[in-house]
Amino acid sequence: EYEDIDELNHLACVVSELSPDELEKFEAVMDSGEYTGSAKDLINLAQNLDSYEFYPDIDSEEALGRMYVQELDAIKVPEHLIDYIDYEAYGRDVRINEGGHFAPGGYVFCNHGSFIEHYHGWEDIPDEQRVFSMPRVPIREQMAAYQEMADRASPPAERTAPKAGR
């Protein structure tokens, strides 16, 4: 509601450059609630998706545990014991230890990569993505300019009344 239109336009441009896989990861991280407080946070999140791991279609602790054991070889299990693993318990431990989150579309967690704040504010928005290219004026100066314009306007009595019509 209170975000700057130029920032929102820049966010839209940044998000539009994401591949479908990156967009799915972006949505999953947003669902976890990290870096979602403002348009600035979302812009930086979109530019730091490599700080997160995303496993699509993993929607339960059992599926997570099974993937870690069978596909990622997180632990070595002899073939004759593979059916005796409690994948749900293992997946729960993995999720807790990683601080992961089941989002719509998959499982996501922060891999503790370096999160770099690329976007610091309005001055970082490229000119071609700015909706308003006027210089930023503090609100007090803007209100003073409006008041000056109102003072210079002719009094209501001097103005001609509009013709009555339809």
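Biologist: Is isoleucine 5 buried, partly exposed or exposed in this model?

Modeller: Happy to start there, with the note that this is a predicted model. Isoleucine 5 sits in helix H1, and its relative accessible area is 42%. Buried would need under 20% and exposed over 50%, so the residue counts as partly exposed.

Biologist: Nice. Which residues form a nonpolar patch on the surface with Ile5, and what is their accessible area together?

Modeller: The patch joins Ile5 to Leu8, Val131 and Phe132. Taken together, these four side chains' residues have an accessible area of about 340 Å².

Biologist: Now to helix H3: how many of its eight residues are buried?

Modeller: H3 covers residues 39–46 and is mostly covered. The buried ones are Ala39, Leu42, Ile43, Asn44, Leu45 and Ala46. That makes the count six.

Biologist: And which elements do the buried residues of H3 pack against?

Modeller: Two of the partners are helices, and one is a strand. The buried residues of H3 pack against H1 (5–16), H2 (20–32) and strand E1 (52–56).

Biologist: Zooming out, in what order do the elements of the protein chain run from the N terminus on?

Modeller: Good one! The chain has six helices and three strands. Their order from the N terminus is α-α-α-β-α-α-β-β-α.

Biologist: What is the radius of gyration of the protein chain, set against the globule rule?

Modeller: For 166 residues the globule rule gives 15 Å, and the chain is well over that, so it is more spread out than a compact globule. The C-alpha trace spans about 95 × 40 × 25 Å along its principal axes. The radius of gyration is 27 Å.

Definitions and conventions:
Residues numbered from 1 in each chain as written. Predicted model: local features only at pLDDT ≥ 70, side-chain atom pairs only at ≥ 80, totals over all residues. Heavy atoms only, no water. Buried < 20%, exposed > 50% of the residue type's maximum accessible area, 1.4 Å probe, protein only. Helix = DSSP H or I, 4+ residues; strand = E, 2+ residues; numbered from the N terminus. Contact = heavy atoms within 4.5 Å. Patch = residues over 30% accessible without salt bridge, like charges linked within 9 Å, V, L, I, M, F, W, Y side chains within 5 Å. Areas by Shrake-Rupley, 256 points an atom, 1.4 Å probe, with all protein chains shown as cover. Rg over C-alpha atoms; globule rule 2.2 N^0.38 Å.
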